Every structure is written in structure tokens, then in C-alpha cells.
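Please open the model in your viewer and keep the sequence panel beside it, since this tour moves from one selection to the next. At each stop, select the residues named and compare what you see with the description.

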Amino acid sequence: MPTADPTHSARIKGTVLISRLNMVRQHGGPARLEDVLRRLPPADQAVLRKMILPINWYPLELNLRLDEAIADVLSPDDRTRAFVDMGRASADENLRGAQHVFVRQGEPHFLLSQAPQIYRFYYAVGSRTYEKSGPKSAILRTFGAERVNDADCLTIVGWHQRAIELSGGRAVRVLHPKCVAWGAPHCEYHCQWE
């Protein structure tokens, strides 16, 4: 059973795992999900085959391995697109569900201004800041995150793209010019929309 102590190691909320598993089910049903799960170590399979509780903390490493397996199965020729799509699916599921309070139609800045609170819904370690950089642009910065890699950052790009769209933004672009995985002191996401 996952520990509730988020200080033990890098953790992620069950909502992330649930959205990933649901995305695979929607893109190929139980057989496709089985293909994904078979690529994971037996201990990961055991956790993912049980009921995932949205409010429980799970090891971030489990999520990273699941994301890799999903990309291998769903989009082996365009892994970047696969990770962005995972983030988009997570935003769709969570912002149309329990986190709908963060979405106000026509107000992407409202959602983005909640970035520090939203971050804590997903991650146990680190923080995120919001800076309004223009009427239809903002910069998000993530500090102190553990085990940052390109794949996780691409899911964050996808999540914010879809979140801004759900808030009424059009022609959304989320650029990721700085990343801890590339040696930067923090990750940075530049969001723009029409």
C-alpha cells in the first residue's frame, strides 16, 4: 500500500496514474492496456492492476515507467507526441472532474494563476510559480522537483495546452525553454494563446 508520507521520496497522486490508464483504455481497450502493463516490472503491474486511489500518493518512478511503456505501445514513432497527449488526457479528465473549479471559461489566466495549488494536486515535492507576462501569455516555473526528465516535462506541456483550451484559449502554444534535465536551475513553461 502506498505510504501517505510524501517526504519519503518523490511521489505523485493517483489521479495521474488513473488518467494514464484510462487514456490507454480509450485508445485500444483492455488488450492495449495489457500490452502496456506487460512492459512493466511485476511489482509495478501488481500496483496498477489494483484499485488506484485518486488521493493516495504513489512513487513518481512508477508513473515515469508507466509513461514510457505507454509511449512504447501507443506511439513508438513519435514519443514526443505520446507524452504531450498523456498530459492533455490528464487535464481533460481532471479538469472536467474533481478539479473543474480551476476552469473559468474565457479566463486562462485564472487557471494559470492557480498553478501553485494545482501543482500540489499532482506532486509531493517541489513548487510551481505563475507570472502573467501579457494579456494572453504567462510563464510558469517549477522549482525543487525531483527526478525531472524530458518525458515528464512534455506531459506538463500537454496538460497546460489542454487546460488553457478548456479555459477558452485558442491556438495555444506552450514552450519549454528551460529544464532541470538539461542543466537549468528550474523548469520553465511559456504559455501563449489567442
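Begin by selecting S90, which has a relative accessible area of 2% and is therefore buried, since anything under 20% counts as buried. This is a predicted model, and in it S90 sits in helix α5. Now show what surrounds this serine: setting aside neighbours within four places in sequence, S90 is in contact with S19, R20, Y122 and W159.

Keep the last two of those contacts selected, and display their rings. A pair of aromatic rings is described by the distance of the centres and the angle of the planes. A search of the whole structure finds 3 aromatic pairs. One of them is F102 with F121, an edge-to-face pair whose centres are 5.6 Å apart and whose planes make an angle of 80°. Because F102 belongs to the loop between α5 and α6 while F121 belongs to helix α7, this pair ties together parts that are 19 residues apart in sequence. Are these two residues buried or exposed? F102 counts as buried, at 8% relative accessibility, whereas F121 is partly exposed, with a relative accessible area of 39%.

The rings you kept on display, Y122 and W159, also form an edge-to-face pair, with 5.8 Å from centre to centre and 75° between the planes. Here the pair links distant parts of the chain, with Y122 in helix α7 and W159 in helix α8, 37 residues apart. Y122 is buried, with a relative accessible area of 6%, and W159 counts as buried too, at 7% relative accessibility.

Leave W159 selected and widen the view to the largest nonpolar core, which has 32 residues; the members that touch the most others are L95, L111, L112, W159 and Y189. To colour the core by element, pick α4 (60-74), α5 (79-95), α6 (108-113), α7 (115-122), β4 (137-143), α8 (150-166) and β6 (187-192), the elements that give two or more residues to this core. Which element gives the largest share? That is α8, from which 7 residues come.

Within this core, select L111 and hide its neighbours within four places in sequence; the residues left in contact with L111 are L95, F102, V103, I118, W159, A163 and S167. Both F102 and W159, met earlier in the aromatic pairs, are in that list. Apart from this core lies another one, of 22 residues, and Y58, A69, I70 and F83 are among its members.

Next, show helix α3 (residues 42-49) together with α4, and turn the view until you can follow both axes: the two helices pack at an angle of about 95°, with the axes 11 Å apart. That angle makes α3 roughly perpendicular to α4. Where the helices meet, D44, V47 and L48 of α3 face L62, R65 and L66 of α4. Sorted by class, this contact has 4 nonpolar and 2 charged residues, and no polar ones.

For the last stop, select G14, which lies in helix α1 (residues 14-26). With a relative accessible area of 0%, G14 is buried. Draw a distance between the C-alpha atoms of G14 and M51, and you should find 9.8 Å, although the two residues are 37 residues apart along the chain. Beyond its neighbours within four places in sequence, G14 is in contact with I52, L53, P54, N56 and Y58, and Y58 is one of the residues of the 22-residue core.

Note on methods:
Residues are numbered from 1 along each chain as its sequence is written. This is a predicted model: local features need pLDDT of at least 70, side-chain atom pairs count only at pLDDT 80 or more; totals for chains, interfaces and linings use all residues. Side-chain values use heavy atoms; hydrogens and water are left out. A nonpolar core is a set of buried Ala, Val, Leu, Ile, Met, Phe, Trp, Tyr and Cys residues joined through side-chain atoms within 4.5 Å. Buried means under 20% relative accessible area, exposed over 50%, partly exposed in between (1.4 Å probe, protein chains only). Helices (H or I, at least four residues) and strands (E, at least two) are DSSP runs, numbered from the N terminus. Contact means heavy atoms within 4.5 Å. Axes are lines fitted to C-alpha atoms, for helices over the stretch in contact, and angles run from 0 to 180 degrees between N-to-C directions. Angles under 35 degrees count as roughly parallel, over 145 as roughly antiparallel, 65 to 115 as roughly perpendicular and the rest as oblique. Ala, Val, Leu, Ile, Met, Phe, Trp, Tyr, Cys and Pro count as nonpolar, Asp, Glu, Lys and Arg as charged, and the others, Gly among them, as polar. Rings of Phe, Tyr and Trp (its six-membered ring) pair if their centres lie within 6.5 Å; planes under 30 degrees apart count as stacked, over 60 as edge-to-face and the rest as tilted.
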